[in-house]
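Reader: I have a structure open and would like to learn how to read it. Could you walk me through a few features?

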Amino acid sequence: MSTDAVPSTAVVSHDPRTGEPRAEIAVEAGPAEVDRAVRAAAATLDALADRTRRAALLRAAADRLEAAAEEVVATADAETALGPVRLRGELARTTYQLREFAAVVEHGAFLDLALDRADPALGRPDLRRMKLPLGVVAVFSASNFPLAFSVPGGDTASALAAGCPVVVKGHPDHPATGELCARLLREAAEQVGLPADVVALVHGLDAGVELVRHPLTAAVGFTGSVRGGRALADIAAARPRPVPFHGELGSLNPVVVTERAAATRAEEIGAGLAGSFTLGTGQFCVKPGLVLVPATDSGAVEKAVVAAAAQAAPGPLLDPRMRRAFLDGVRQRADLPGVEELLAADAEPVDGAPLAVRAGVLAVGAAQLAEDLLEECFGPVTVLVRYRTAEELETVLGRLAGNLTATVQLAADEDGPEAAALLRRLEPLAGRLVVNGWPTGVAVAPAMHHGGPYPATTSTSTSVGATAIERWLRPITYQNAPQALLPEELRDGNPLGLPRREN
């Protein structure tokens with residue numbers, strides 16, 4: 001199928017291994033189609049108010065995804081080249097978080113119920129507080145997670161759990177996967193007696209802009225680039241009625257290797273770093289992209305990471321555009337003054353994947369660290385920054401913007417005041433601090449925080465874990481309301497048996 005024969009509004013699935021088109025999947029949505037999708041979603045708000053059915057929807061969605069696992073994984077692999085093993089794991093993560101949010105809905109703590117009964121002695125009226133869903137949530141699919149951060153992913157799961165219908169803007173790198181997952185979620189809704197329009201899918205760059213601008217869109221969840229996310233965030237803020245924009249934009253995920261760690265754990269650190277920054281062909285939002293290593297360790301960490309990274313199998317990136325941006329970005333950085341290319345990140349054609357690339361490692365002295373090296377380069381490359389003194393280390397840390405993660409590699413017995421001070425120094429830079437581990441891998445757990453200071457994210461919330469639901473809720477207080485007019489959640493006697501704080 002020649003791309004010349006495809007209309008300009010066609011949404012085409014491509015094979016990232018070869019760059020060749022696979023099939024025409026849909027057409028881009030115009031303003032009228034976006035309007036219909038948002039209005040249809042808004043009309044389901046009353047139906048979604050039934051918490052029992054919401055929980056049933058989330059579990060039914062997980063069940064249907066699992067039942068169609070073979071088709072889902074094959075479709076996603078054909079569009080992303082992420083491989084069946086990785087995608088089966090991502091599907092398991094996706095169904096797990098759907099079921100976790102079902103449990104969150106049933107437990108009810110997310111409603112944050114609080115009652116302060118009238119107290120004439122204090123001059124206090126009767127006050128009863130809870131949280132309500134915001135309304136229609138626009139979700140933007142991520143390129144690198146066709147399941148866990150796309151149509152059936154965490155933004156969708158948490159929004160539905162909050163009682164918010166969802167209109168997803170599909171990602172052009174995996175439109176067939178998006179269509180398949182949207183169909184499964186809509187079927188799950190109908191299975192439990194909810195309207196299918198609690199979930200809708202639209203395609204196209206302009207459709208995404210229309211979705212953010214639509215007057216019935218109440219909030220936005222985005223995972224993508226700094227450039228695209230900032231443009232949409234500005235549109236959300238410039239609306240006549242601005243709406244929350246929860247965007248994950250970009251992150252270097254710095255790593256600090258202490259002198260004692262380099263002296264005692266060089267091989268372990270080098271191998272771990274190589275495995276982390278090449279995982280998924282370097283296409284993780286938490287890939288460690290800037291690593292501060294002591295210049296006094298005779299290059300032991302550098303040698304170990306280069307040796308391990310050289311063994312990483314080449315692989316294709318998610319699309320030819322990203323591949324070109326990666327190769328150009330690495331070349332631009334390698335040509336900067338003072339930069340050494342310890343391992344060349346080259347195009348590496350392999351059988352069945354002529355667009356594959358190989359991992360690279362760059363190194364530079366802290367005093368020669370250029371601004372371009374402080375920008376994320378999406379793909380399998382990392383930058384080693386050699387620091388000679390504590391002052392040089394502090395200077396580099398002082399130049400860093402916000403990140404999703406920051407990692408410290410310490411010696412086994414390095415747990416004294418200096419190590420504690422280093423962790424405190426990194427707190428303003430990231431939403432998650434990792435000690436003697438690697439940031440790739442984000443557990444779906446209540447204590448997880450996946451977010452960070454700008455440009456890592458545009459808000460202080462998390463997009464992973466149970467508290468991700470808080471993004472789609474707003475508080476409301478009822479003052480001196482008669483019992484019959486109160487929501488059941490706030491009535492005397494706690495008829496629904498929900499967690500509440502009283503007086």
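Reader: Where is valine 166 found?

Author: In this predicted model, valine 166 belongs to strand 6, which covers residues 166-169.

Reader: Is valine 166 buried or exposed?

Author: The idea is to look at relative accessibility: under 20% means buried. Valine 166 has 0%, so it counts as buried. Beyond its neighbours within four places in sequence, valine 166 is in contact with residues including Val137, Val139, Leu160 and Val199.

Reader: And how do I spot residues brought together from separate parts of the chain?

Author: Compare places in sequence with distance in space. Valine 166 and glycine 135 are 31 residues apart along the chain, and their C-alpha atoms are separated by 8.8 Å.

Reader: Let's try a loop. Which strands flank the loop that holds threonine 440?

Author: That loop runs between strand 18 (430-435) and strand 19 (473-479). Threonine 440 counts as buried because its relative accessibility is 16%, and buried means under 20%.

Reader: What does the side chain of threonine 440 join in a polar contact?

Author: The side chain of serine 276, at 2.7 Å. Setting aside neighbours within four places in sequence, threonine 440 also has Leu279, Phe284 and Pro288 among its contacts.

Reader: In what order do the strands of the open sheet come?

Author: Its 4 strands follow the order 19-4-3-20, with mixed pairing. Strand 19 and strand 20 (500-502) are the edges, each pairing on one side only. Inside the sheet, strand 3 (residues 113-116) and strand 4 (residues 127-133) run antiparallel, joined by 3 bridges. Aspartate 116 stands opposite leucine 127 of strand 4.

Note on methods:
Residues are numbered from 1 along each chain as its sequence is written. This is a predicted model: local features need pLDDT of at least 70, side-chain atom pairs count only at pLDDT 80 or more; totals for chains, interfaces and linings use all residues. Side-chain values use heavy atoms; hydrogens and water are left out. Helices (H or I, at least four residues) and strands (E, at least two) are DSSP runs, numbered from the N terminus. Buried means under 20% relative accessible area, exposed over 50%, partly exposed in between (1.4 Å probe, protein chains only). A polar contact is a pair of N or O atoms within 3.5 Å; within protein, one must be able to donate a hydrogen and the other to accept it, and residues adjacent in sequence count only if both atoms are side-chain atoms. Contact means heavy atoms within 4.5 Å. Two strands pair if DSSP finds at least two bridges between them.
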